[in-house]
Amino acid sequence: MAGQLWLDPSRARRGGADLTRAGEAVTGRHTEAGAAISTASARRPWGRDDIGTAFERQYRDYEDMVLRVWAGVGRRLTDLGADVVRTVEANQQTDTANAARFDRMSDPHPRP
């Protein structure tokens, strides 16, 4: 291995929790503001004449895409935070198990 990995478990867990909270905040804003955007645009404030209809055709796809991506960012941040915490736990469990194996290897009187 080319280098060492140094992990501060407490700090990494806090970082994971922060990511989860950030994802929940993004999701909450999407729920509130995204609903308001959808409600407002459903009234077609740009009008129903030829220009308004042309705008509607272009706008709707972009609105859908932005709202879908916004929701996805919230989910991904939340998932990433949970993944960070799980990774820290797995890393610590691996370190503990490997330390126990090394201790048994160096024990002149190994236990059965």
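**Salt bridges, aromatic contacts and helix 2**

Trainee: How many salt bridges does a search of the whole structure find?

Mentor: A salt bridge is a side-chain nitrogen of Lys or Arg within 4 Å of a carboxyl oxygen of Asp or Glu. This is a predicted model, in which local features need pLDDT of at least 70 and side-chain atom pairs count only at pLDDT 80 or more, while totals for chains, interfaces and linings use all residues. Residues are numbered from 1 along each chain as its sequence is written, and side-chain values use heavy atoms, with hydrogens and water left out. For the whole structure, the number of salt bridges found is six.

Trainee: Which residue forms a salt bridge with D18?

Mentor: Helices are DSSP runs of H or I with at least four residues, strands are runs of E with at least two, and both are numbered from the N terminus. D18 and its partner lie in helix 1, three residues apart, about one turn of the helix. The N to O distance is 2.4 Å, and the partner of D18 is R21.

Trainee: Are D18 and R21 buried, partly exposed or exposed?

Mentor: Buried means under 20% relative accessible area, exposed means over 50%, and partly exposed is in between, with a 1.4 Å probe and protein chains only. D18 has a relative accessible area of 42%, and R21 has 48% relative accessibility. Each of these values makes its residue partly exposed.

Trainee: What is the relative accessible area of E63, which forms a salt bridge with R60?

Mentor: The closest N and O atoms of E63 and R60 are 2.6 Å apart. These residues are three apart in helix 2, so about one helical turn separates them. E63 is buried, because its relative accessible area is 6%.

Trainee: Which residues are linked with E63 in a network of salt bridges?

Mentor: R60 is one of them, as it forms a salt bridge with E63. Another member is in the loop between helix 1 and helix 2, and E56 is among the buried residues of helix 2. The residues linked with E63 are R44, E56 and R60.

Trainee: What is the phi of R44?

Mentor: Most residues other than glycine have a negative phi. R44 is not a glycine, yet its phi is positive. The value is about 50 degrees.

Trainee: Which residue of the D83 and R86 salt bridge counts as exposed?

Mentor: The side chains meet at 2.2 Å, N to O, and the residues are three apart in helix 2, about one helical turn. D83 counts as partly exposed at 35% relative accessibility. At 52% relative accessibility, the exposed residue is R86.

Trainee: How many aromatic pairs does a search of the whole structure find?

Mentor: Rings of Phe, Tyr and Trp (its six-membered ring) pair if their centres lie within 6.5 Å; planes under 30 degrees apart count as stacked, over 60 as edge-to-face and the rest as tilted. The number of pairs found is three.

Trainee: At what angle are the ring planes of W46 and F55?

Mentor: The ring centres of W46 and F55 are 4.8 Å apart. W46 is partly exposed at 22%, and F55 is partly exposed at 39%. The pair is tilted, because the planes are at 55 degrees.

Trainee: How many residues apart in sequence are the parts that the W46 and Y59 pair ties together?

Mentor: The rings of W46 and Y59 have their centres 4.8 Å apart and their planes at 55 degrees, so this pair is tilted. W46 lies in the loop between helix 1 (9–42) and helix 2, and Y59 in helix 2, so the separation in residues is 13.

Trainee: On which residue is the kink in helix 2 centred?

Mentor: The bend at a residue is the angle between axes fitted to the seven residues ending there and the seven starting there. The kink is about 30 degrees. Its centre belongs to an aromatic cluster with W46 and F55. The residue is Y59.

Trainee: How far does helix 2 reach from its first C-alpha to its last?

Mentor: The expected span of a helix is 1.5 Å times one less than its number of residues. Helix 2 has 57 residues, for which 84 Å is expected. Close to that expected value, the reach of helix 2 is 83 Å.

Trainee: What accessible area do Y62, M65, V66, V69 and V73 have together?

Mentor: Patches are made of residues with over 30% relative accessible area and no salt bridge, like charges being joined within 9 Å and nonpolar side chains (Val, Leu, Ile, Met, Phe, Trp, Tyr) within 5 Å. Areas come from the Shrake-Rupley method with a 1.4 Å probe, and for residues only the protein chains shown count as cover. V66, in helix 2 (residues 50–106), is partly exposed at 47%. The accessible area of this nonpolar surface patch is about 460 Å².
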